[in-house]
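Student: Could you take me closely through how the strands are arranged in this model? I would also like to know how that compares with the packing elsewhere.

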Amino acid sequence: TAIHRADYQAPAYWIATVELCFDLDPAKTRVLNRMQLRRNPDVPAQALRLDGEELNLARVLVNGQGTSFRMDTTERGQQLVLENLPEGDEPFTLEIFTTCCPAKNTKLMGLFVSQDTFFTQCEAEGFRRITYFLDRPDVMALYTVTLRADRDKYPVLLSNGNLVEEGTLDDGRHFAKWVDPFKKPAYLFALVAGKLVAREQRIRSRAGNDHLLQIFVRRGDLDKTEHAMLSLMHSIAWDEARFGLTLDLERFMIVATSDFNMGAMENKGLNIFNTKYVLASQATATDSDFSGVESVVGHEYFHNWTGDRVTCRDWFQLSLKEGLTVFRDQEFSMDLCAEASARAVKRIEDVRVLRTVQFPEDAGPMAHPVRPDAYIEISNFYTVTIYEKGAEVVRMMQTLVGRDGFAKGMTLYFERHDGQAVTCDDFAQAIADANPQSHLAALLPQFKRWYAQAGTPRVHAAGHYDAENRSYTLTLSQSCPPTPDQPVKEPFVIPVALGLVAANGAALPLQYTVDSGETNASEALFTMTQAGHTLVFHGLDAEPVPSLLRGFSAPVILDIEYSDAQLLTLLAHDSDPFNRWEAAQRLALRHALNAVSAEGDVPAQVLDGAFVEAMRAILREPALDAAFKELVLTLPSEGYIAEQLAVVDPQRIHAVREAMRLQLAVALQPDWAAAWEASEHNGSYSPDPLSAGRRALAGLALVNLNLAAAPTGDTVWPGRTYQRFKDADNMTDRANALSALVGAGHELAKPALERFHALFTDEALVIDKWFQMQASAPDRGGDILPLVKQLMKHPDFSIQNPNRARSLVFAYCNGNPAGFHRADGAGYAFWVEQVLAMDAINPQVAARLARALDRWKKLAAPYQALAREAISRVAASTSLSNDVREVITRALAD
Ligand code: ARG
Ligand code: ZN
């Protein structure tokens, strides 16, 4: 059964201090947990119920004495129940001695072993797998941790805070004692023990404090940590400069592990990272890997304030820290961009993720508000809605109060709540209270509907030009479709950044009245609060082209009927780069949707001449950044096209999009060649946005040149591509060349893949790319599934390692629609097998995979019936985890 937000109750006990002592052994780790507790006088006296999972309990002492206790086994797991505790609100000591088996912990929650090293992951509810505890974020305690382990096998012993003591023990063992000066919830606890080496950096903050920064990795990986360290230093400087938030610890540590369910974890002072977001070198990491490292290092560092210093009262408030911290990491990456154009590119990339992943989530069976009302398994709610949509909600607040106003709001938030576990209301209230004159303050209760109502709102816009009155009337209306448990929605507060563009491209002055009001507005931001609004713009000599939702000012779908000519105007001239890009996407989407819904075979020419020429013009435009060109020239994904349709035939969409790709490849062949030549540069590698953009465009050019090779009888480009693949001095160029060959199905792909594997046998993250590239290659006649099945047997494949599973199984089921949605249902049968196999090992990861068929109800025949059958087969399993059960039950609900 589900847990409901409305049922929140304060804890019956508080824990002031925790002393943990670990005897680390992979097969049997002994944990002594000595706590100071007292009753919470604000709630009725009751038994103490401590959460625990897969623990062996040896002893319980209260104030040093044996005590009676019992175990309660519920469907949510085990609880240790103590009924006869001292009365009154005096503190008492509780000692619990347990053992656990990290070596067998394949769930990667709690204490686990990866490559002979101990790691922990406690968010959200992993601490209960280490010891019995009040495992909830509003119970914040001071921790002292002693680690004991074999000195040779585990020379490095780390936990949160400061190292206060270390030394030798008998039998070749040693110990280290750590004290964390900050109160924290259990989910921020961490320990690491193993053979690791560190890159170290000493810094002095602006405030004059000295800090030691350390990044711990396996010996061979030290040369791949420079970028992470630079990113950390930039993060520290940025948080000081933009929000006045300083590093509060003498020592800040990052440790990398190759077995990790998620990206990284913000444990206080001891962040634990997936290697994917720490390790980066020119030879092994692509530009997007470099930027992933920068974002995630920033993200986890920023959690030190937004998450650790101020945390969540309960897990329904998860977006309090995640939405805000994603917003912060997005802003950080944008602020690191030297050029405005690079900021715009970053914004487009972030929006693309939101629209291709979060919008479908919001329209499917897992749709939930940014602050959910109920869940069965909290791990299932680490979603793009909580993270990315949550970040958009924070971004709208900043838009409504201004950048400085937002910084003031953050300051007030920390003044009020430092050291507390709070709610999303507390955050929004602080931002509003710091800006009493703002739209946000005036509209706060309505604004907070963004936290409460699921689903993506639609804004419908329609314009009418009145030549006689030289006026242009724009009507804006909003609606939001029903989502599970929410049939009816109230209007949202929607900030619409807008401008008017003349047919010749000139920006037009804004003079308008709202809802037949008296006052003239000239602001480029209009805030919708009602179901409908009418804006009348004055003084216009000709019909303007409206540019709405500039910079994607709200996470909504904008319905507006532009003519092709209007979109071409925006594409060529809009001063807002986001809407320039958006105009090209809309044009491409229009052509795609027309061809998808037409009868008969997919025509060779899906695109019209005007679109092709517009793309040529963009490619040739010297004033535009390469990165921006690459975004404009990349067609909307198959998934994004599918989202626009009521009934989805993945094979038809694939065929149409492939036809469009081929058409652009052939029609622009000389321009692609020119773009590739122009991107050639000498000089050393740097992952900065400008040079990364050049490589991205060069990569897209190679993809196109290889696609065009067969139909045009060209034999030069595949050979040149292979040469580039061999000679590349960085992973971006090398991987782009390889995937151009693989994607075009060229015969050179095979030797290139073999060579790639041989070159990087010992680089796990590169081998991941090798699997991923093959599993996500364009399907030709159903050839991908057999390949995937064959790769599952490759000696390098392991379903236990989440990165590897993601690079093969997820890359196929989630990242290759045409390969997966097969008319014979074999893709779904494979999915059933993998979900069940994975669930027995790692339910969290299995539940992610289970979501690959979220949108099955939209599928056309025969896919829909086959998908339903596959989901039912998973549902029929009697041994499902709560994680997978929740996802599957929702998928089957009407
Ligand atoms: N708080 C982490 C982050 O966003 C994510 C941890 C999620 N872990 C989990 N097992 N669900 O940086
Ligand atoms: Zn986070």
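Tutor: Happy to; we start with the strands and then turn to the buried parts.

This is a predicted model, in which local features need pLDDT of at least 70 and side-chain atom pairs count only at pLDDT 80 or more, while totals for chains, interfaces and linings use all residues. Residues are numbered from 1 along each chain as its sequence is written, with chains lettered from A and ligands numbered from 1 in the order in which they are written.

Take the hairpin formed by β7 and β8, which has two residues between its strands (strands are DSSP E runs of at least two residues, helices H or I runs of at least four, numbered from the N terminus). β7 (residues 70–74) and β8 (residues 77–82) pair in the antiparallel sense, with five bridges between them (pairing needs at least two DSSP bridges). Within this pair, T73 sits opposite Q78 of β8. Cover is scarce on β7: of its five residues, the number buried is zero (buried means 20 or more other C-beta atoms, placed from the backbone, within 10 Å of a residue's own; exposed means 12 or fewer, partly exposed in between).

For a wider stretch, UniProt lists residues 34–188 as "domain: Aminopeptidase N-like N-terminal", in an unreviewed entry. In the model, the chain over residues 34–188 is 52% strand and 0% helix, and its end C-alpha atoms lie 18 Å apart.

Now for an open sheet: six strands in the order β31-β30-β33-β27-β26-β35, with mixed pairing. Its edges are β31 (520–521) and β35 (557–560); each has a single partner strand, so one side of each lacks a neighbour in the sheet. Further in, β30 (residues 512–514) and β33 (residues 532–537) run antiparallel and are joined by three bridges. There, Y512 faces F537 of β33.

As for packing, the largest nonpolar core holds 264 residues, and V192 and V255 have the most contacts inside it (such a core joins buried Ala, Val, Leu, Ile, Met, Phe, Trp, Tyr and Cys through C-beta atoms within 7 Å). Helix α17 (residues 689–712) contributes the most to this core, with twelve residues. Leaving out residues up to four places away in sequence, V255 touches L158, V192, L196, F216, L270, I272 and F273 (contact means C-beta atoms, placed from the backbone, within 7 Å).

Helix α28 (residues 882–892) also has buried residues, among them D883, R885, E886 and V887. Their cover includes α25 (826–839), α26 (843–850) and α27 (863–875).

Methods:
Contact = placed C-beta atoms within 7 Å. UniProt positions renumbered as here; feature names shortened; annotations may be inferred.
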